[in-house]
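Please look through the structure shown below with its sequence alongside. The paragraphs that follow move from one chain as a whole to single strands, and then to the contacts made by individual side chains.

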Amino acid sequence: MKSEELDSNFYILGEPISINSEALIELIKGTLAKKASLRFKAAGFSMYPFIKDKDVLMISSLDSLVVGLGRVVSFIHPQTQRLIVHRVVGRKKDFYLIKGDNSFSLDGSIPKENILGYVSRVERNNKVLRFGLGKERFIIAFLNRYFSLFAILCLTWKTIRPFVRRFS
Amino acid sequence: MEGKIDINKIYAPSENVVAREIQGEFVIIPITSGIGDLEDEIFSLNDTARTIWSKLDGKKSLKDVKSELSLEFDSNEKEIEKDLLGLVEELLKRRMLVEVRGA
């Protein structure tokens, strides 16, 4: 049975489309399956200050990389099924303890199969940020797990701020 | 390197794209230098293009695809061929489609 006429305007180029969590999970899986990384804009404040709202993230495949302490990973939350990008702060047998740098509580025990990939790059205002993904990530993870990281950072900034002003 | 489009040839989606149905739209994300970039151009196909894309499976020649489209759409054959070749040309240019060699 014949249906409509052929529509010659085939495609929309470059129009922004807003992508929900479920769609982003699909795109991450599809891209990583092709041995490529996915670059997209972050939304939210749970990783402040290391990742801010509208920073551009690159998610790469873990491959043989270890899901180690301090690694910022993208995972599917087992209860909500939503995509989250937070930091690994510990491990319990086959589960990972993950938490946002600006969160007060753990996301829970996350099984490895829920972890899609890791954040290999963060960009802000077209500049690549290094801090938070390098070796300092171990200290960040330790402080984040046992204390409120954001509170520590605020307190530190409050302490050193007068000296920064004096010398600037 | 792609040559001229030949209606007797077979084409298939490139390995360097991620194509998914997302929230009711069919989107294609090119992978360039190992990166799929949602901050760059992404392509959305309308229903017609989506139908054509689904038929470019690496097994059927464009001639076969044209025949199938003639059965499904109420347009004359010349128009169908023109639109089919137009889309294939655009997809080849953007390296979203590749010729299946040796088929």
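Of the 168 residues of chain A, 41% count as buried, where buried means under 20% relative accessible area, exposed over 50% and partly exposed in between, with a 1.4 Å probe and protein chains only. This is a predicted model, in which local features need pLDDT of at least 70 and side-chain atom pairs count only at pLDDT 80 or more, while totals for chains, interfaces and linings use all residues. Residues are numbered from 1 along each chain as its sequence is written, chains are lettered from A and ligands numbered from 1 in the order in which they are written, and side-chain values use heavy atoms, with hydrogens and water left out.

Chain A exposes about 10200 Å², of which carbon and sulfur atoms supply 56%; accessible areas come from the Shrake-Rupley method with a 1.4 Å probe, and for residues only the protein chains shown count as cover. Its secondary structure comes to three helices and nine strands, in the order β-α-β-β-β-β-β-β-β-β-α-α along the sequence. Helices (H or I, at least four residues) and strands (E, at least two) are DSSP runs, numbered from the N terminus. Among contacts in chain A between residues at least 6 apart in sequence, 53% join residues at least 24 apart, a contact being heavy atoms within 4.5 Å.

Strand β5 of chain A, residues 83–92, is mostly covered, since eight of its 10 residues are buried. Strand β4(A), residues 72–76, pairs with β5(A) in the antiparallel sense over five bridges, and V73(A) stands opposite H86(A) there; two strands pair if DSSP finds at least two bridges between them. The hairpin of β4(A) and β5(A) has six residues between the strands, and Q81(A) in the turn has a positive phi of about 65 degrees. Five bridges also join β5(A) to β6(A), residues 95–99, and these strands run antiparallel, with G90(A) opposite L97(A). In this second hairpin two residues lie between the strands, and K93(A) takes a positive phi near 55 degrees.

β5(A) also contributes a charged side chain to a salt bridge, in which R87(A) meets D101(A) at 2.8 Å, N to O. This pair links distant parts of the chain, for R87(A) is in strand β5 and D101(A) in the loop between β6 and β7 (108–111) of chain A, 14 residues apart. Both R87(A) and D101(A) are buried. A salt bridge is here a side-chain nitrogen of Lys or Arg within 4 Å of a carboxyl oxygen of Asp or Glu, and a search of the whole structure finds 20 of them over all chains.

Contacts between the chains can be followed from D37(B), which lies in strand β4 (residues 35–37) of chain B. D37(B) is counted as buried because its relative accessible area is 16%. Its side chain makes a polar contact with the side chain of R39(A) at 2.8 Å, and a polar atom of the D37(B) side chain also lies 2.8 Å from the backbone nitrogen of E39(B). A polar contact is a pair of N or O atoms within 3.5 Å; within protein, one must be able to donate a hydrogen and the other to accept it, and residues adjacent in sequence count only if both atoms are side-chain atoms. E39(B) in turn meets K41(A) in a salt bridge of 3.5 Å, N to O, and this pair crosses between chains, from the loop between β4 and β5 (43–45) of chain B to strand β2 (residues 37–41) of chain A. E39(B) is partly exposed, with a relative accessible area of 36%, and K41(A) is partly exposed at 41%.

Not counting residues up to four places away in sequence, D37(B) touches R39(A), I29(B), P30(B) and I42(B). Of these, I29(B) is in strand β3 (residues 25–32) of chain B, and it is buried, with a relative accessible area of 1%. The residues that I29(B) touches, on the same sequence criterion, include L27(A), N16(B), V18(B) and L38(B).

Elsewhere in chain B, T51(B) is in helix α1, residues 47–55. The T51(B) side chain reaches the backbone oxygen of D47(B) at 2.9 Å.
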